[in-house]
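Work through the exercises below with the sequence and the model open. Try each task before reading its solution.

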Amino acid sequence: MNGTASPSASVPASASWDDLVAAALLGTERRTPPVTPRPGQDAPSALLDAAALSTVRRRAGLRPAPARPVPDRAPVDPRPGLPLAARSRLAMLLADRSAPGRGGPRSAPDLAELLPQWLTLANEHGYGVPDALLPALLDAARARTDLRPEALTLGGPRALWLARLNPDWKFALRGGAGRGAGPAPLAAPADPADPADPVNVQRLWEEGLFAERVSLLTAARHHDPAAGLALLSGTWSTERAEDRLMFLDSLRDDLSPSDEEFLEQALSDRSRNVRATAAELLSALPGSALAARMAERSRGCVSLTGDGQIAVQAPAACDSGMERDGIVAKPPSGRGERSWWMGQLVEATPLDRWSEWFGGRGPAEIVTLPVADGWRADLHAAWCRAAVRQRSAPWSRALLGTPAVAPASASGDAPPAAWRDPAKLLSALPAGERAEWVAEFIASHGLSDAFRLLGVCAVPWAEPLGRAVVDALDIARDAGSYPWSFSGVMGLAERCLDPGQADRLEVLTAIPDEAEGAAPGAGGYWAEAFQRLVETLRLRATMRAELAPPD
């Protein structure tokens, strides 16, 4: 540098920053830049010089903006901190929070798949996350929606406080504040709103963010259902439709007959989704007036004849009363109107009424009765939905039947998938019975149709389910096929098998002799898959031990 500044392109006073940007985007050959080049300078260079000069001019002319208000102090989180080993483990899992199924050694555990389970275990112990890991935890929850309930629960009120300061984490302020988490305070000195403190509850309900209000309503309902309902009733008419729907859905867990009057009023809501949710909740109350109205309509449609057959006379029209009670008038494409209306009526009818109307028969007897005129599939489909909605174990058990019966023969006049969803019906059964049913299903039919059934079983899988899955995988290996067809089940096994089974499975990690007719190299791939399964189970056992509270 000789200390002498080179002359710059001349920028007319009328040339705006937008003019310079437009010339740069279109190119100087298509738009002449609003600058005068110095001698020997081409137009692109002159445009860049002018942009640099204009940038300095704009920055130098800025006036200092008023300082932003200092954020409130972060709220206190009274929960115990993580043990040191568990804290290190969380840092490792968050550092490896890429999408499940990432590349790497095929026999190495997938840490991204273990993060949800780690969060669940940590929340069961009631731990709070270290402050230094909160940003990484919120980033992980932002990238993966399946992590959000557990991540926000672990993050607690400080996660919501931090989310207000970064628009990238605004998802935490839109939905609930996590599974069973108390609402975050509005100011730092306060602890999370105590449902027993009416003044603080009312203040937070009126002034809080939506996530805080949803969490507050849930906590208030757990503490005092009537007080929680009164809180919602006070502002119901001023809430947005999408917020009314979320608030209404939060009544589901602590639903009781005392909610009926409020839900009956919601049947007249302006929003169709709110009306439908209110009708669904009312139909889950067997003693509600809506359930009685639906039962009366169903009784006129379905009856038992003198020769022991079920006769169906579907409704001829969907009147305004039916629509107010949640019946959707327009059927989906390819579905007849009358069967659509009849199915909705039966679905919303209390299941114990059928025993009353059918001579005291139990669910197991009722589902075996012949149904006239080809209505069996529609009627049984509606009973299945009713069993799931009303959480009826006897009806779910009867509709499932025995797991040894092949799925294709479950219905005499229609494919079983048209009316029976075993995974949903299983969710209404106790966890132990669920595991036994799926284990017997796998022993009879293998793993081909078992993936969704395994997904509704409690974790870790109870015996004999775990043994049935491993035995079926072993049989598939001996058959000589590649393991990739069973990758979904193998992934579930890594996350759901009892970690104590690792040593028993060690024998499966050896490469077997290649059988005649087997796929080339299949034994080696199976050995890698079982090695990964064993290592993942051992890692899960280590994670569980690291989270155990100190003596």
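**Exercise 1: a network of salt bridges**

Arg-293 is partly exposed, at 27% relative accessibility; buried means under 20% relative accessible area, exposed over 50%, and partly exposed in between, with a 1.4 Å probe and protein chains only. The model is predicted: local features need pLDDT of at least 70, side-chain atom pairs count only at pLDDT 80 or more, and totals for chains, interfaces and linings use all residues. Residues are numbered from 1 along each chain as its sequence is written, and side-chain values use heavy atoms, leaving out hydrogens and water.

Task: find which residue forms a salt bridge with Arg-293, and place both in the chain.

Solution.
- Step 1. Apply the cut-off: a side-chain nitrogen of Lys or Arg within 4 Å of a carboxyl oxygen of Asp or Glu.
- Step 2. Asp-325 meets it, with its closest N and O atoms 2.8 Å apart from those of Arg-293.
- Step 3. Arg-293 is in helix α14 (residues 289–301), while Asp-325 is in the loop between α15 (320–324) and α16 (337–347). The pair links distant parts of the chain, 32 residues apart. Helices (H or I, at least four residues) and strands (E, at least two) are DSSP runs, numbered from the N terminus.
- Step 4. Check burial: Asp-325 is buried at 3% relative accessibility.
- Step 5. Widen the view. Arg-293 and Asp-325 belong to a salt-bridge network with Glu-264, Arg-297 and Arg-324.

**Exercise 2: two more salt bridges**

Task: the whole structure holds 28 salt bridges. Describe the pairs Arg-213 with Glu-239 and Glu-506 with Arg-538.

Solution.
- Step 1. In the pair of Arg-213 and Glu-239, the closest N and O atoms are 2.5 Å apart. Arg-213 sits in helix α9, and Glu-239 in the loop between α10 and α11, 26 residues apart.
- Step 2. Both Arg-213 and Glu-239 are buried.
- Step 3. In the pair of Glu-506 and Arg-538, the closest N and O atoms are 2.9 Å apart. Glu-506 lies in the loop between α26 (502–505) and α27 (522–547), and Arg-538 in helix α27, so this bridge ties together parts 32 residues apart in sequence.
- Step 4. Glu-506 is partly exposed, at 31%. Arg-538 is also partly exposed, at 36%.

**Exercise 3: the buried side of a helix**

Task: which residues of helix α11 are buried, and what do they pack against?

Solution.
- Step 1. Helix α11 spans residues 241–249; its buried residues are Asp-243, Arg-244, Phe-247 and Leu-248.
- Step 2. These residues lie on the same side of α11, because they cover an arc of only 135 degrees around the axis. The arc is that of the directions from the helix axis to the C-beta atoms.
- Step 3. List the partners by contact (heavy atoms within 4.5 Å). They are α8 (198–207), α9 (210–223), α10 (225–235), α12 (260–266) and α13 (272–283).

**Exercise 4: cysteines**

Task: how many disulfides are there?

Solution.
- Step 1. The criterion is a pair of cysteine sulfur atoms within 2.5 Å.
- Step 2. The count is 0.
- Step 3. Take Cys-496: the nearest cysteine sulfur, that of Cys-457, is 8.6 Å away.
- Step 4. Cys-496 is buried, at 8% relative accessible area.

**Exercise 5: the whole protein**

Task: summarise the overall make-up.

Solution.
- Step 1. Count elements: 27 helices and 2 strands.
- Step 2. Assess burial: 45% of the 551 residues count as buried.
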